[in-house]
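Please open the model in a viewer and keep the selection tool at hand. The tour below proceeds by selections, each followed by what is found there.

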Amino acid sequence: MTPPAVSAAAARAAVRRLVALDTERGASAALPAVRETVRRVPELSAAPGALRDRDADRLAALAELSGVIGWILFDAGRYRPAHRMNARALALARLCGDRWTARLVLLNDSMLTTHTGHPRAALLSADRVCGPRPLPARVAALVLVRRAHATALLGARSEALELIARARSRFLDGVSRRDPHWAWWIDEPELLGHHGWVQARLRRWDRAIPLLHQAATAPGPAYRHLFTAELLSALAGAGAWREAEDLIAQVAPRAAGIGSVRTTETLGRTAAGLRGCAGAPGGVRDAADFLLESLAA
């Protein structure tokens with residue numbers, strides 16, 4: 001029996017539940033709730049074009065819900081389903097003219113395509129966020145962050161550094177009454193982490209490590225464990241063996257409970273590299289073994 005169509009209020013309540021789960025416990029913990037939501041909301045499986053008769057408010061709520069699910073699937077390592085859900089969210093947002101949800105989805109999909117090794121597609125997604133009117137500072141900063149990551153992956157060192165510096169400058173312009181409701185997470189630690197991450201992509205370890213350390217030690221949502229993983233990767237790249245061993249000692253006991261697959265994948269790659277690194281001290285290689293065992297658990 002097909003469940004009844006969901007109301008806008010019910011869709012937004014589902015958004016709040018999923019965001020709370022993802023923020024507190026991580027994407028992997030939120031996956032069962034995602035599956036249940038998809039089961040209960042038939043519009044999440046219907047072709048977007050078949051929903052044209054829905055009112056704009058319901059379509060906007062469904063677009064937002066699809067976008068949140070796309071984000072959770074991405075951070076949980078379900079990259080193809082995440083891309084498909086992002087495409088659905090974008091189509092629904094366009095049907096009802098919800099430009100802000102469309103922009104968020106494009107920014108999330110830009111991060112996804114960078115992560116999966118498609119930086120040119122990531123640049124196209126980020127560029128589509130801009131329109132005829134200037135964006136609020138925090139959103140404009142995020143566009144520049146996404147472009148910086150993709151550009152760094154393409155090897156354009158000077159351009160990537162310029163973009164991330166501009167992102168920092170734009171962010172400092174502060175909050176605005178025009179900020180969308182979802183901009184709450186674009187804060188100082190988020191910008192610091194991405195600044196350090198872009199520096200690390202360019203192998204500028206002396207610049208990357210302090211920034212990533214600040215971001216990794218700041219309180220924040222569960223998905224920011226990713227900055228800890230990127231910090232470990234940067235320490236390994238710099239040959240900072242003592243600091244890498246100390247960080248592994250902090251991370252390994254709680255590694256199995258990390259809810260972000262992007263984070264655990266990064267930790268696993270770094271640990272595997274350290275374990276096989278002939279130049280690393282024995283204690284670091286042993287610590288890397290411990291981390292790999294902890295992740296497997």
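## First stop: Glu190

Glu190 is buried, with a relative accessible area of 5%. The model is a predicted one. Select Glu190 and display the helix around it: this is α9, which spans residues 188–201. Next, show the side chain of Arg224, which is joined to that of Glu190 by a polar contact of 2.7 Å. Residues up to four places away in sequence aside, Glu190 touches Trp185, Tyr223, Arg224 and Phe227.

## Before and after α9

Move to Ile186, in the loop between α8 (157–171) and α9. Is Ile186 buried or exposed? Its relative accessibility is 1%, so Ile186 counts as buried. With residues up to four places away in sequence not counted, the residues that Ile186 touches are Arg138, Leu142, Phe171 and Leu191. Add Val139 to the selection and draw a distance between C-alpha atoms: Ile186 and Val139 are 47 residues apart along the chain, and these atoms are separated by 8.0 Å.

Now select Arg203, in the loop between α9 and α10 (205–217). Arg203 has a relative accessible area of 59% and is therefore exposed. Its backbone deserves a check as well: Arg203 is not a glycine, although its phi is positive, at about 65°.

## The pair α5 and α7

Select helix α5 (residues 99–115) together with helix α7 (residues 137–153); their axes come within 10 Å and cross at roughly 20°. With that angle under 35 degrees, α5 is roughly parallel to α7. The crossing in which α5 passes α7 is left-handed. To display the contact, choose Trp100, Leu107, Asn108, Ser110, Met111 and Thr114 on α5, and Val139, Leu142, Val143, Arg146, His149, Ala150 and Leu153 on α7. Coloured by class, this contact of α5 with α7 shows eight nonpolar, four polar and one charged residues. Two of the α7 names, Val139 and Leu142, recall the stop at Ile186: Leu142 is among the residues that Ile186 touches, and Val139 supplied the C-alpha atom for the 8.0 Å distance.

## The pair α3 and α5

Keep α5 and bring in α3, residues 56–75. The helices α3 and α5 pack at an angle of about 15°, with their axes 10 Å apart. That angle makes α3 roughly parallel to α5. The crossing of α3 and α5 is left-handed. For the contact, select Ala63, Glu64, Gly67, Trp71 and Phe74 in α3, then Thr101, Val105, Asn108, Met111, Leu112 and His115 in α5. The class breakdown of this contact of α3 with α5 is six nonpolar, four polar and one charged residues. Asn108 and Met111 of α5 take part here and also in the contact with α7.

## The pair α2 and α3

Hide α5, keep α3, and select α2, residues 27–40. How do the axes of these helices cross? The axes of α2 and α3 cross at roughly 140° and come within 9 Å. The helices α2 and α3 are therefore oblique to each other. The passage of α2 across α3 is a left-handed crossing. On α2, display Ala27, Ala30, Leu31, Val34, Thr37 and Val38, which meet Leu65, Ile69, Ile72, Leu73 and Asp75 in α3. The residues of the contact of α2 with α3 divide into nine nonpolar, one polar and one charged.

## Last stop: α13

Leave Asp75 visible and select Arg262, which is placed in helix α13, residues 261–275. Its side chain is joined to that of Asp75 by a polar contact of 2.6 Å. Arg262 has a relative accessibility of 2% and so counts as buried. With neighbours within four places in sequence left aside, Arg262 is in contact with Trp71, Phe74, Asp75, Tyr79, Met111, His115, Trp197 and Leu226. Among these, Trp71, Phe74, Met111 and His115 also belong to the contact between α3 and α5.

For a view along α13, draw the distance from the C-alpha atom of Arg262 to that of Arg275: the two residues lie 13 apart along the chain, and the atoms are separated by 20 Å. Finally, select Thr270, also in α13. Thr270 counts as buried at 10% relative accessibility. Beyond residues up to four places away in sequence, Thr270 touches Leu232, Ser233 and Ala236.

Methods:
Residues are numbered from 1 along each chain as its sequence is written. This is a predicted model: local features need pLDDT of at least 70, side-chain atom pairs count only at pLDDT 80 or more; totals for chains, interfaces and linings use all residues. Side-chain values use heavy atoms; hydrogens and water are left out. Axes are lines fitted to C-alpha atoms, for helices over the stretch in contact, and angles run from 0 to 180 degrees between N-to-C directions. Helices (H or I, at least four residues) and strands (E, at least two) are DSSP runs, numbered from the N terminus. Angles under 35 degrees count as roughly parallel, over 145 as roughly antiparallel, 65 to 115 as roughly perpendicular and the rest as oblique. A crossing is left-handed if the near helix is turned anticlockwise from the far one by less than a right angle, and right-handed if clockwise. Contact means heavy atoms within 4.5 Å. Ala, Val, Leu, Ile, Met, Phe, Trp, Tyr, Cys and Pro count as nonpolar, Asp, Glu, Lys and Arg as charged, and the others, Gly among them, as polar. Buried means under 20% relative accessible area, exposed over 50%, partly exposed in between (1.4 Å probe, protein chains only). A polar contact is a pair of N or O atoms within 3.5 Å; within protein, one must be able to donate a hydrogen and the other to accept it, and residues adjacent in sequence count only if both atoms are side-chain atoms.
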